[in-house]
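Here is a colleague's note on the model shown below. Please read the points alongside the coordinates.

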Amino acid sequence: MKKDKLEQFINHNRNQFEADFDLDKNWDQLEAKINKKKDRHPGWMVAASIAMLLVIGWLIYDRAILTDKINQLEQITYNNKPFAEIENYYQINITEKKAKINELSKQNNLSVKTDLAALNKKYKDLKSQIKNQGAHPQLVNAMIQNLQTQIEILEQKLNILQELQEYSKNEKQENNEISI
């Protein structure tokens, strides 16, 4: 029933609807409103695009500089040997000495610290200086001296543990000879 009333109303007023609605004029107004909404923030979009391009450019530049520094670090030599090879040699040596010290200290029921935190921190500082300032010979020498110092300290600890172990063996043998 409601549908019939609506249809009657539309049919009765159709001529007035068509007279009030100018197809060309109304479409032009609708398109103008749509275009107005599209053009609201073009400056903002341009600024965002420029900012995005600047950030991407900076990231590419920063990556290129980092790659150059990494390449420089890989090309550092000391006495015509690649520094990476020298560093690896010392690090393996340090690791082996720490393992020996831990083994001997367990055998003798001793607690021996093999922590070289201060020297390791200094070594990391030197390495970051090389990354920032470049591979100056003084920095490379300081890094190698640091690694050598770590090895010397570990060797001293190892020698003391070995002497202690030898002393313990001799004392046990003397006690065995006395008791026999």
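How far apart do the end C-alpha atoms of residues 43–61 lie, and how much of the span is helix or strand?

1. **Residues 43–61.** The model is predicted. The end C-alpha atoms of this span lie 27 Å apart. The span is 100% helix and 0% strand. According to the unreviewed UniProt entry, residues 43–61 carry the annotation "transmembrane region".

2. **Overall layout.** The protein has 6 helices and 2 strands. Along the sequence the order is α-α-α-β-β-α-α-α. Of the contacts between residues at least 6 apart in sequence, 73% join residues at least 24 apart.

3. **Burial and surface.** The protein has 180 residues, and 17% of them are buried. The exposed area is about 14,900 Å². Carbon and sulfur atoms supply 54% of that area.

4. **The nonpolar core.** The largest nonpolar core holds 19 residues. F83, Y90, M143 and I144 have the most contacts inside this core. Two or more residues each come from α4 (83–107), α5 (117–133) and α6 (137–179). The largest share is from α6, with 9 residues.

5. **Helix α4.** This helix has 25 residues. From first C-alpha to last, α4 reaches 36 Å, close to the 36 Å expected at 1.5 Å a residue. Its buried residues are F83, I86, E87, Y90, N93, I94, K97, I101, L104 and S105. An α-helix has 3.6 residues a turn, so residues three or four places apart point the same way. The buried list of α4 includes polar names as well, among them E87, N93, K97 and S105. Just after α4, N109 takes a positive phi of about 55 degrees.

6. **Y90 in its setting.** Which residues does Y90 touch, not counting those up to four places away in sequence? The answer is I144, L147, Q148 and I151. I144 also ranks among the core residues with the most contacts, as does Y90.

7. **The aromatic pair.** The structure holds 1 aromatic pair. Y89 and Y90 form this pair, and the geometry is edge-to-face. The ring centres are 5.3 Å apart, with 65 degrees between the planes.

8. **Y89 against Y90.** Which of these two is buried and which is exposed? Y89 has a relative accessible area of 51%, so Y89 counts as exposed, the cut-off being over 50%. Y90 has a relative accessible area of 13%, so Y90 counts as buried, the cut-off being under 20%. The edge-to-face pair thus joins an exposed ring residue, Y89, to a buried one, Y90.

How values were computed:
Residues are numbered from 1 along each chain as its sequence is written. This is a predicted model: local features need pLDDT of at least 70, side-chain atom pairs count only at pLDDT 80 or more; totals for chains, interfaces and linings use all residues. Side-chain values use heavy atoms; hydrogens and water are left out. A nonpolar core is a set of buried Ala, Val, Leu, Ile, Met, Phe, Trp, Tyr and Cys residues joined through side-chain atoms within 4.5 Å. Buried means under 20% relative accessible area, exposed over 50%, partly exposed in between (1.4 Å probe, protein chains only). Helices (H or I, at least four residues) and strands (E, at least two) are DSSP runs, numbered from the N terminus. Contact means heavy atoms within 4.5 Å. UniProt positions are given in the numbering used here, feature names are shortened, and annotations may be inferred rather than shown by experiment. The expected span of a helix is 1.5 Å times one less than its number of residues. Rings of Phe, Tyr and Trp (its six-membered ring) pair if their centres lie within 6.5 Å; planes under 30 degrees apart count as stacked, over 60 as edge-to-face and the rest as tilted. Accessible areas come from the Shrake-Rupley method with a 1.4 Å probe; for residues, only the protein chains shown count as cover.
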